[in-house]
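Q: I've just opened this one and I'm new to it. Can you walk me through what's there?
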Amino acid sequence: MTLTSPPPQGVLLYDPDCGFCTRVAGALQQILAAGRGQAAGDATAHPTAAVIPMTEADLDALGVDAARARCEIPLVLGDGSVVWAAAAIGQALEGAKAPWSWLGRIITAPLIAPLAGRIYAWVAANRYRLPGGSESCRL
């Protein structure tokens with residue numbers, strides 16, 4: 001089944017052809033799934049995003065630029081807006097349980113976000129060299 005609209009909690013889309021991306025997505029799935037156990041009505045809880053391969057989504061219907069999605073992870077929010085790269089991971093982590101939610105808030109903090117963006121860009125450019133990476137991961 002192809003995803004054509006974002007779930008209310010949002011969805012992170014990853015490149016399944018990249019071994020590194022698949023490993024990171026698997027870790028994010030576990031972290032975010034643990035956050036789904038939060039008590040209903042918890043005012044501090046953020047909804048946790050789903051994590052799926054971008055091949056299982058209709059990128060056009062979701063408003064996601066396919067070429068950009070090969071280089072930067074998109075988070076499609078429930079309202080249809082799209083957040084990219086480090087900001088996407090940070091926002092998704094905000095829905096996890098502590099300490100991951102704290103990390104998400106740090107990544108998206110105004111003073112840290114530019115540095116997080118540069119780190120994300122370096123990791124993305126070198127993902128083929130990282131554990132799980134291969135030539136298919138090269139941008």
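Q: Let's start somewhere specific. Is arginine 138 buried, partly exposed or exposed?
A: Arginine 138 is partly exposed, at a relative accessible area of 41%. Keep in mind that this is a predicted model.

Q: And which residue does arginine 138 form a salt bridge with?
A: That would be glutamate 135, and the closest N and O atoms of the pair are 2.9 Å apart. Glutamate 135 counts as exposed, with 55% relative accessibility.

Q: How many salt bridges does the structure hold?
A: There are four salt bridges. As a bit of background, side chains of opposite charge can pair when their charged atoms come close.

Q: OK, what does glutamate 72 form a salt bridge with?
A: Its partner is arginine 68, with 3.3 Å between the closest N and O atoms. Glutamate 72 is partly exposed at 24% relative accessible area, and arginine 68 is also partly exposed, at 35%.

Q: What about aspartate 15, which side chain does it meet in a salt bridge?
A: Aspartate 15 meets arginine 127, at 3.4 Å from N to O. The aspartate sits in the loop between β1 and α1, while the arginine is in the segment after α6 (113-125), so this pair ties together parts 112 residues apart in sequence.

Q: Are those two buried or exposed?
A: Both aspartate 15 and arginine 127 are buried.

Q: Which residues are joined into one network by salt bridges that share partners?
A: Asp15, Arg70 and Arg127 make up that network.

Q: Switching topic: what's the order of the strands in the sheet?
A: Four strands line up as β2-β1-β3-β4 in an open sheet, and their pairing is mixed. The edges are β2 (50-53) and β4 (82-84); each has a single partner strand, so one side of each has no neighbour in the sheet. From one strand to the next, the twist averages 25 degrees.

Q: In what sense do β1 and β2 pair, parallel or antiparallel?
A: Parallel, over four bridges, with β1 covering residues 11-14. In one of those pairings, valine 11 has alanine 50 in β2 as its bridge partner.

Q: Which helix packs on the sheet by touching β1 and β2?
A: That's α1, residues 19-35, and its direction makes about 160 degrees with that of β1. Then there's α4 (residues 85-93), which lies across β1, β3 (74-76) and β4 and runs at about 110 degrees to β4.

Q: Back to β2 for a second. Which way do its residues point?
A: Ala50 and Ile52 point one way, Val51 and Pro53 point the other way, and all of them are buried.

Q: So what about the nonpolar core, how many residues does the largest one have?
A: It has 34 residues, and the ones with the most contacts inside it are Leu12, Leu13, Leu32, Val64, Ile73 and Tyr120. The elements giving two or more residues to this core are β1, α1, β2, α2 (59-62), β3, β4, α4 and α6.

Q: Which element gives the largest share of this core?
A: Helix α4 does, with six residues. In general, nonpolar side chains in soluble globular proteins tend to be buried together.

Q: You listed Val64. Which residues does valine 64 touch?
A: Leaving out residues up to four places away in sequence, valine 64 touches Leu13, Leu59, Ala69, Pro74, Val76, Val82 and Trp84. There's also a second, separate core of five residues, including Cys18, Phe20, Cys21 and Tyr128.

Q: Cysteines, good. How many disulfides does the count come to?
A: Zero.

Q: Why is there no bond for cysteine 71?
A: Because the closest cysteine sulfur, in cysteine 21, is 10.0 Å from the sulfur of cysteine 71, which is too far for a bond. Cysteine 71 is partly exposed, with 35% relative accessible area, whereas cysteine 137 is buried at 0% relative accessibility.

Q: Last one: where does isoleucine 106 lie?
A: Isoleucine 106 is in helix α5, residues 100-108. It counts as partly exposed, with 46% relative accessibility.

Q: And how far apart are isoleucine 106 and glycine 78 in space?
A: They're 22 Å apart, C-alpha to C-alpha, with their positions 28 residues apart in sequence numbering.

Technical notes:
Residues numbered from 1 in each chain as written. Predicted model: local features only at pLDDT ≥ 70, side-chain atom pairs only at ≥ 80, totals over all residues. Heavy atoms only, no water. Pairing = 2+ DSSP bridges. Axes fitted to C-alpha atoms, helices over the stretch in contact; angles between N-to-C directions. Contact = heavy atoms within 4.5 Å. Buried < 20%, exposed > 50% of the residue type's maximum accessible area, 1.4 Å probe, protein only. Disulfide = S-S within 2.5 Å. Core = buried A, V, L, I, M, F, W, Y, C linked by side-chain atoms within 4.5 Å.
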